[in-house]
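Welcome! Have the sequence and the model open beside you, and work through the exercises below at your own pace.

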Amino acid sequence: MDMPAAQPSSNMPVWRRIKRPHMATARVIMPVCLAGGLLMPSNAAWSTLCYIILLPTVAARLWQGWRPDWHDRPFTAMLALCGWSFLAIFWDHNISGMGNSHTYWLVNGICTFAFLLGFKMADGDDPGFRRRAVSVLIGAGAVNALLSVAILLAEGKLGTRMQGWGATLNPVLGTAMLDICILLVLGRMAEGKWQGIYIAALVSMALYLMVSYSRTPLVALVCALGIVCLGSWKLCGRLALAGLCVVLAALLVWWLQPGIVGLLARNFLARGTDCHVTIWRTAWGLILQNPVVGYGPSARLPIAPHGFCPAYPSPHNLYLSLLLYSGLVGFLLFWLCQWLLWRHLRQVSAGFTTRLWLAVMVVPLVSGLSDLTQVIKGPAPGWYIIWVPMLLVMSLRAAPPR
């Protein structure tokens, strides 16, 4: 005999009995937010999208009683890193007088918290969400790369640094983002399905990398590919095929516009250090004066514009940024996250899977040598470079026994 469906208890608070619309769930909202930064034309448009759909969805779920699993150590450490960086707002020092307001950073911190919690909600609600998120990143990354290269060719500005599309508007950050997308494509290619589509996605992203003139993210990609291909000759062959397609595409461009290869080489080598040494030296001097808790997110370096140096820059280095903005405490929390994620990766994977996701973790660690700033800034490209790799590794589950 069928039992009647359980009815909500009359003792349950009213706010817990409110039902959310079917579409206003994290498993639906998060893929839209992940695609938005790569497909929408500007960071402002993407931010508006997140304000409209991400913040209310996460707030409603928290209001209804959802809480993260505090026994999930990697995710708890990620929340601690975000929380400490957020607390730094309250002892913020605007060193140069040119930093953003406390309200600006409060909004950024809340959005970054919402992004982390929204991903965790979606992953807990739907076991297939993680795979769908990877598919979204691959598709949106390929479209973004094609749009960026097409705009560059249409404007005929090959002699200058490329201005990408949406979140890849900054070519250095855009290259680091597409490094991660390329590794995700390699992971799908290893499954042996839809090879033609994935090779086409690789070619589009590789073309973006060729005209981005971004050196450190390219070094990060080389390091990551070395880790992935270690012990996998089959994947090396597929990667060589994709590389051959890129070379053929480059030869076609060279045939259509003679002299373009020399121009790209000159632009790649002409930028020197981009004033990084001066920036790093200034940042280190400030860090030594306040090493424990940092200066807060508004701390821009007191460097006046001169030569190639921008006005009042950030440290242009992930590790110096952590020390400057959130002190030694934030720096140690970041490495605690990396260690816990690596331990989790070793527990739930083996062989190629371990190498692939280790390579994904390496990209921000190497790319951060010459860029990346506050970890709580967002919606911003840093979400894709810093947080998405950590979230994808955190949500990795052990494969069921065959």
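**Getting oriented**

Among contacts in the chain (heavy atoms within 4.5 Å) between residues at least 6 apart in sequence, 79% join residues at least 24 apart. The model is predicted, so local features need pLDDT of at least 70 and side-chain atom pairs count only at pLDDT 80 or more, while totals for chains, interfaces and linings use all residues. Residues are numbered from 1 along each chain as its sequence is written, and side-chain values use heavy atoms, with hydrogens and water left out.

**Exercise 1. Find out what secondary structure the chain has and what share of its residues is buried.**

Step one: count the elements, taking helices (H or I, at least four residues) and strands (E, at least two) as DSSP runs numbered from the N terminus. The result is 15 helices and 0 strands.

Step two: apply the burial cut-offs, where buried means under 20% relative accessible area, exposed over 50%, and partly exposed in between (1.4 Å probe, protein chains only). Of the 402 residues, 52% count as buried.

**Exercise 2. Describe how α2 packs with α6, and how α4 packs with α5.**

Two packed helices are described by the angle between their axes and the distance between the axes. Axes are lines fitted to C-alpha atoms, for helices over the stretch in contact, and angles run from 0 to 180 degrees between N-to-C directions. Angles under 35 degrees count as roughly parallel, over 145 as roughly antiparallel, 65 to 115 as roughly perpendicular and the rest as oblique.

Step one: the axes of α2 (residues 26–39) and α6 (residues 129–155) cross at roughly 20° and come within 9 Å. α2 is therefore roughly parallel to α6. On the α2 side the contact includes Met30, Leu34 and Leu38, and on the α6 side it includes Ala133, Leu137 and Ala140.

Step two: α4 (residues 73–87) and α5 (residues 102–125) have axes 10 Å apart, at an angle of about 170°. This makes α4 roughly antiparallel to α5. Among the residues that meet are Phe75, Cys82 and Phe86 in α4, and Ile110, Phe113 and Leu117 in α5.

**Exercise 3. Check the span of α15, then look for a bend.**

Step one: the expected span is 1.5 Å times one less than the number of residues. For the 14 residues of α15 (residues 381–394) that should be 20 Å, and the end C-alpha atoms are 20 Å apart, which agrees.

Step two: a bend at a residue is the angle between axes fitted to the seven residues ending there and the seven starting there. α15 bends by about 45° at Trp387, and Pro389 follows within four residues.

Step three: look at the surroundings of α15, where 14 of its 14 residues are buried.

**Exercise 4. Is Ile287 buried or exposed, and which residues does Ile287 contact?**

Step one: locate Ile287 in α12 (residues 276–289). Its relative accessible area is 3%, so Ile287 is buried.

Step two: leaving aside neighbours within four places in sequence, Ile287 is in contact with Tyr295, Leu320, Leu323 and Leu324.

Step three: compare positions along the chain and in space. Ile287 and Leu322 are 35 residues apart along the chain, and their C-alpha atoms are separated by 9.9 Å.

**Exercise 5. Examine the backbone in the loop between α14 and α15.**

Step one: go to Pro379 in this loop. The peptide bond from Gly378 to Pro379 is cis, with omega near 5°.

Step two: turn to Leu372, also placed in the loop between α14 and α15. Leu372 is not a glycine, yet has a positive phi of about 80°. At 5% relative accessibility, Leu372 counts as buried.
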